[in-house]
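Reader: I am new to this structure and would like a close look at one part of it, with the surroundings brought in where they help. Please take it slowly.

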Amino acid sequence: MQLRVNRMIDKNRLTETFQSLVSIDSVSREEGRLARELAKSLAKLGAETRFDTAGEKVGGDTGNLIARLKGNALSSPLLLSAHMDTVEPGKGVTAILRDGVFTSDGTTILGADDKSALAIIIESLHVLKEDRIVHGPLEIVLTICEEVGLQGAKHLDYDLLTATYGYVLDATDTEGIVTRAPAANRLELVVHGKASHAGSAPEKGINAIWLAGQAIGGLSLGRVDRETTCNIGVIEGGIATNIVPDKVTVRGEVRSHDPKKLQAVTDTIVSAFQKAVDACCAERYDEERPRLEVSIERDFPETHIPENHPVVTLARQAAANLGRNMICKPSGGGADANIFFGKGIFTGVLGTGMKDVHTVDESVALDDMVKSVELLIEIIRLQAAG
């Protein structure tokens with residue numbers, strides 16, 4: 001049954017908040033000014049704010065912003081999170097509202113990823129206060145450097161949090177909740193060959209780029225199956241066309257919802273490079289033989305939230321109360337929610353309506369942001385009611 005819930009959402013205020021936030025440059029590692037403005041806004045709404053030391057660890061100008069809002073109900077704390085950084089071109093952004101849709105002027109991104117989420121959280125807190133809506137304790141985490149490897153979440157001071165579940169606002173679909181996301185391995189493979197003059201003595205050299213090419217040529221890249229992908233994204237090597245390259249660095253990734261598949265595809269890639277190097281070694285009888293260096297880093301863990309978990313049931317009930325659907329969705333990407341999940345915090349990812357993110361065509365509809373505010377408030381209200 002659809003419930004009627006009083007919500008005094010101020011569209012003009014939401015518009016002004018969003019336009020103000022996107023006008024503040026905050027590309028990764030330069031979120032300081034935005035973070036200070038957000039801290040002021042949250043403090044005015046009654047939250048206690050502080051910064052952790054994540055910025056020092058990632059070479060940024062601020063840490064993660066953690067805010068606590070005391071509840072007026074005896075319920076467990078609820079996590080709300082979004083990230084403050086944007087991708088390039090993200091400086092000098094102007095948000096234009098036309099026919100109910102925000103866009104940039106076409107020379108930059110808009111920054112709806114993830115400033116639409118920041119504006120939604122701020123407006124939700126305004127409504128909680130003004131409508132005197134009963135709510136439990138809220139722990140608001142606004143992270144840095146999400147766009148460069150989830151670095152803010154990875155270096156977050158988790159001793160500052162007590163919530164065991166909550167929501168990250170960092171997706172598109174306003175009627176979906178991401179409950180499954182893959183784990184990812186980041187690979188760096190360095191092939192060492194032997195330099196020589198490419199014109200007068202090529203036979204004395206060992207072409208590291210050619211060896212890497214032999215390995216890559218035997219791989220199946222892209223979508224491995226419905227749960228697994230892999231990619232070679234960066235190749236760096238060589239200094240001149242007349243020198244046989246003695247070193248090449250190859251960087252790639254593997255993602256999968258299945259840990260066994262993640263390991264198997266990772267092993268396949270490494271094995272292909274090792275076989276290429278070993279085959280060349282078998283042909284060399286001098287002391288100069290190729291070798292391989294391998295570095296594998298777990299980029300982020302998988303997320304798998306059961307559909308009967310409160311994170312899901314709350315979102316579904318809230319959506320139903322508003323006459324909407326809420327569908328559990330898988331994702332092929334990583335988010336701060338992956339890191340939170342790995343720390344034992346069950347975190348669903350909600351949408352804000354943002355589209356074409358990471359491009360100059362990025363947009364978000366004001367009505368979608370309003371829908372997200374309504375959903376978030378209803379989630380908070382239901383969670384406090386138990």
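In which loop does G344 lie?

Author: This is a predicted model, and in it G344 lies in the loop between α9 and β16, the latter spanning residues 346–351. G344 has a relative accessibility of 39%, so it counts as partly exposed. Taking V127 as a point of reference, 217 residues away along the chain, the C-alpha atoms of G344 and V127 are separated by 30 Å.

The neighbourhood of this loop can be approached through its aromatic rings, since the structure holds three aromatic pairs. One of them is formed by Y158 and F340, whose ring centres are 6.2 Å apart and whose planes meet at 75 degrees, an edge-to-face arrangement. Because F340 belongs to helix α9 (residues 336–342) while Y158 sits in the loop between α5 (151–154) and β7 (165–171), this pair ties together parts that are 182 residues apart in sequence. Both Y158 and F340 are buried. Another pair joins F341 and F346, and it is edge-to-face because the planes of the two rings stand at 75 degrees, with 5.1 Å between their centres. F346 has a relative accessibility of 25%, and therefore counts as partly exposed.

Following the chain onward from β16, one comes to D356, which is placed in the loop between β16 and β17 (363–365). D356 has a positive phi of about 50 degrees, although it is not a glycine, and its relative accessibility of 48% means that it counts as partly exposed. Most residues other than glycine have a negative phi. C145 also has a positive phi of about 50 degrees without being a glycine, and its place is in the loop between β6 (138–143) and α5. With a relative accessibility of 0%, however, C145 counts as buried.

The largest pocket, with a volume of about 840 Å³, gives a wider setting. It is lined by 43 residues, and those that lie nearest its centre are E146, R255, G333, G334 and A335. The lining of this pocket divides into 14 nonpolar, 16 polar and 13 charged residues.

As for the interior, the largest nonpolar core has 70 residues, and L142 is among those with the most contacts inside it, together with F18, L42, M84 and Y167. Leaving aside residues up to four places away in sequence, L142 touches L38, L42, N64, L65, A82, M84, L118 and I121. There is also a second, separate core of 27 residues, which includes A208, C230, A272 and C281.

Notes:
Residues are numbered from 1 along each chain as its sequence is written. This is a predicted model: local features need pLDDT of at least 70, side-chain atom pairs count only at pLDDT 80 or more; totals for chains, interfaces and linings use all residues. Side-chain values use heavy atoms; hydrogens and water are left out. On a 1 Å grid over the protein atoms alone, a cavity is a set of points where a 1.4 Å probe fits but cannot get out, and a pocket is an open set with protein on both sides within 12 Å along at least five of seven lines; lining residues have an atom within 4 Å of a point. Grid points are joined across faces, edges and corners, and a volume is the space filled by probe spheres set on the points. Ala, Val, Leu, Ile, Met, Phe, Trp, Tyr, Cys and Pro count as nonpolar, Asp, Glu, Lys and Arg as charged, and the others, Gly among them, as polar. Rings of Phe, Tyr and Trp (its six-membered ring) pair if their centres lie within 6.5 Å; planes under 30 degrees apart count as stacked, over 60 as edge-to-face and the rest as tilted. Helices (H or I, at least four residues) and strands (E, at least two) are DSSP runs, numbered from the N terminus. Buried means under 20% relative accessible area, exposed over 50%, partly exposed in between (1.4 Å probe, protein chains only). A nonpolar core is a set of buried Ala, Val, Leu, Ile, Met, Phe, Trp, Tyr and Cys residues joined through side-chain atoms within 4.5 Å. Contact means heavy atoms within 4.5 Å.
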